[in-house]
Amino acid sequence: MSNPIDIAPARGKLGVLLVGLGAVSTTFIAGVLAIRKGLAKPIGSLTQMGTVRLGKRTDNRSPKISDVVPLARLDDLVFGGWDIFNDDCYAAARTAGVIEPSLLDQVRPELEKIRPWPAVFDQRYVKRLDGPNVKKGKNKKDLAEQVVADIRKFKADNNLDRMVMIWCGSTEVYMTESPAHASIDSFERALEANDPSIPSSMVYAYAAIREGIPYTNAAPNLTADIPALVALAAKTKTPLAGKDLKTGQTLIKTIIAPGLKARLLGVAGWYSTNILGNRDGEVLDDPESFKTKEESKKSVLDYILQPKLYPDLYGKLCHIVRINYYPPRGDNKEGWDNIDLFGWLGYPMQLKINFLCRDSILAAPIVLDVALFMDLAKRAGMSGVQEWLSFYFKSPVHAPELYPEHDLFIQLMKLKNTLRYLKGEELITHLGREYYD
Ligand SMILES: NC(=O)c1ccc[n+]([C@@H]2O[C@H](COP(=O)([O-])OP(=O)(O)OC[C@H]3O[C@@H](n4cnc5c(N)ncnc54)[C@H](O)[C@@H]3O)[C@@H](O)[C@H]2O)c1
């Protein structure tokens, strides 16, 4: 047992700033409003339904996570956000078509009150989109100052105590680190100079981090995972998390792959394909945005299977990921996986997975958990990359010298051990010798 960490209480209102009021954001907001009214249950959310075992197995102590650490209450959440379209949250949720109109209508007045602020947007970074609700500015620094002004106004108008920001905007084109991303100085100079290596998402991230507001990237594009913004987060004591919510096919992949590896079953090939018909699917139909997503989805197996450690089992793995935009499906994605595996003496076998999932239904509870846990991190004085939240992401952000942990079960252990650590409870190693000694 160690001493508990000092955590400031979750007093007052928590503002949740969402960049992009599309399918994920509106499903999250409408869901929270419906749950608040007792119309539905927060299924899939660890902060609302999860428990954590404390002490020995014989102690029978498994309280709810929300009774162990001080989390903001759903009643204390206030939502605000930006989008390039003018639709209020009710109209946007109807367009997204995820939640049934009969449920949406029961939270309609609250949803209609949430109207997007003009966005920082440049089509250079999301080729398939264009919309009217966009800020004008002298340069990217000026746009960042406008975002800061929106944030401060939202805080004052709603008498908020704290805020968190989550990028739920479209996937931007594939980018890699550039000299402009190297330090806070070079980044701020690049903002002034309108440097093309600063996409819209980084302008929001900069604004949030400068204000000390926890920043999460729910999409796969490069945003706060650059040295300049990591350094700024250290300076302003801001937690960072991301990236790309682990839902759908990748969620299943990170459940199945650790199992095959645990039994040392070989994998010769893993072919994954999806059809998706929502706006996210349309954006990902552009090769440059798809490249960002593909990189995020493909890294998972390499890290889980460790082909360098197990060349006979995974050294020749052929891993292919495809996403096809297919409008009739809307948000109801269908994913197919074909896994060519082999066992004892090299005998081949096949595993086929057909997952008919609902993308935003899987994403919404993650947005809720991440919002509440990032607020907890801030109140507990934990700044910088929050690796314990890698449980929620396809491409977990991590320290440069570390490889990311992708195995869902190790990620969950890390998350729960972090909660135990915060409370000064014994960490659980699963050794279990004490029961037999
Ligand atoms: N649904 C999932 O399960 C899931 C999983 C992982 C990641 N994601 C990612 O989350 C993001 C959101 O997904 P979605 O299904 O809600 O997509 P969506 O297209 O329904 O919503 C994205 C919204 O962002 C807005 N937008 C784009 N650029 C913006 C900008 N610069 N400023 C403000 N608004 C902007 C768009 O107008 C749109 O309304 C995507 O990048 C997606 O790849 C989603």
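## Cores, cavities and a pocket in a predicted model

Setting aside neighbours within four places in sequence, Phe 28 contacts Val 16, Leu 18, Phe 79, Ala 364, Val 367 and Leu 368. The model is a predicted one. Phe 28 is a good place to start, as the following lists show.

### The nonpolar cores

The largest nonpolar core holds 61 residues. Phe 28, Ile 29, Leu 77, Phe 373 and Tyr 392 touch the most other members. Several elements each supply at least two residues of this core. Among them are strand E1 (14–19), helix H1 (23–36), helix H3 (65–68) and strand E2 (77–82). Helix H4 (89–96), strand E3 (162–167), helix H15 (359–379) and helix H16 (408–422) also do so. Which helix gives the most to this core? H15 does, with 12 residues.

Another core lies apart from the largest one. This second set has 49 residues, including Ile 84, Ala 119, Ala 144 and Ala 180.

### The chain as a whole

The chain has 16 helices and 10 strands. Its radius of gyration is 22 Å, close to the 22 Å that the globule rule gives for 437 residues, so the chain is as compact as a globular protein of that length. Taken along the principal axes, the C-alpha atoms fill a box of roughly 65 × 50 × 50 Å. Of the 437 residues, 56% are buried. Consider contacts between residues at least 6 apart in sequence: 75% of these join residues at least 24 apart.

### Three residues in helices

Ile 361 sits in helix H15. Is Ile 361 buried or partly exposed? Its relative accessible area is 40%, so Ile 361 is partly exposed. Not counting residues up to four places away in sequence, Ile 361 touches Thr 27 and Val 98. Ile 361 and Ile 43 are 318 residues apart along the chain. Their C-alpha atoms are separated by 9.4 Å.

Ser 186 belongs to helix H8 (residues 184–192). Its relative accessibility is 12%, and Ser 186 therefore counts as buried, the cut-off being under 20%. Beyond its neighbours within four places in sequence, Ser 186 is in contact with Pro 179, Ala 180 and His 181. Ala 180 is also one of the residues of the 49-residue core.

Ser 289 lies in helix H13. With a relative accessible area of 1%, Ser 289 is buried. Leaving out residues up to four places away in sequence, Ser 289 touches Tyr 125, Thr 171, Glu 172, Val 173, Val 283 and Leu 284.

### Cavities

How many cavities of 30 Å³ or more does a search of the whole structure find? There are 2.

The largest cavity contains about 70 Å³ of space. Its lining includes Tyr 215, Asn 217, Thr 223, Ala 224, Asp 225 and Val 230. Leu 240, Ala 241, Lys 243, Val 385 and Val 397 line this cavity too. Two strands, E4 (215–217) and E5 (239–242), are the elements that give two or more residues to the lining.

The second largest cavity contains about 30 Å³. It is lined by Ala 241, Gly 242, Gln 386, Glu 387, Leu 389, Ser 390, Phe 393, Pro 396 and Val 397. Ala 241 and Val 397 appear in the lining of the largest cavity and in that of the second largest cavity.

### The second largest pocket

The second largest pocket has about 670 Å³ of space. Its lining takes in 26 residues. Which of them are the closest to its centre? They are Leu 222, Asp 225, Lys 243, Val 397 and His 398. Asp 225, Lys 243 and Val 397 also help to line the largest cavity.

Helix H10 (227–236) and helix H13 (287–305) each supply at least two residues of the pocket lining. H13 gives the most, with 5 residues. Helix H13 is also the place of the buried Ser 289.

The linings divide by residue type as follows.

| Space | Volume | Nonpolar | Polar | Charged |
|---|---|---|---|---|
| Largest cavity | about 70 Å³ | 7 residues | 2 residues | 2 residues |
| Second largest cavity | about 30 Å³ | 5 residues | 3 residues | 1 residue |
| Second largest pocket | about 670 Å³ | 14 residues | 8 residues | 4 residues |

Methods. Residues are numbered from 1 along each chain as its sequence is written. This is a predicted model: local features need pLDDT of at least 70, side-chain atom pairs count only at pLDDT 80 or more; totals for chains, interfaces and linings use all residues. Side-chain values use heavy atoms; hydrogens and water are left out. A nonpolar core is a set of buried Ala, Val, Leu, Ile, Met, Phe, Trp, Tyr and Cys residues joined through side-chain atoms within 4.5 Å. Buried means under 20% relative accessible area, exposed over 50%, partly exposed in between (1.4 Å probe, protein chains only). Helices (H or I, at least four residues) and strands (E, at least two) are DSSP runs, numbered from the N terminus. Contact means heavy atoms within 4.5 Å. On a 1 Å grid over the protein atoms alone, a cavity is a set of points where a 1.4 Å probe fits but cannot get out, and a pocket is an open set with protein on both sides within 12 Å along at least five of seven lines; lining residues have an atom within 4 Å of a point. Grid points are joined across faces, edges and corners, and a volume is the space filled by probe spheres set on the points. Ala, Val, Leu, Ile, Met, Phe, Trp, Tyr, Cys and Pro count as nonpolar, Asp, Glu, Lys and Arg as charged, and the others, Gly among them, as polar. The radius of gyration is taken over C-alpha atoms; the globule rule is 2.2 Å times the number of residues to the power 0.38.
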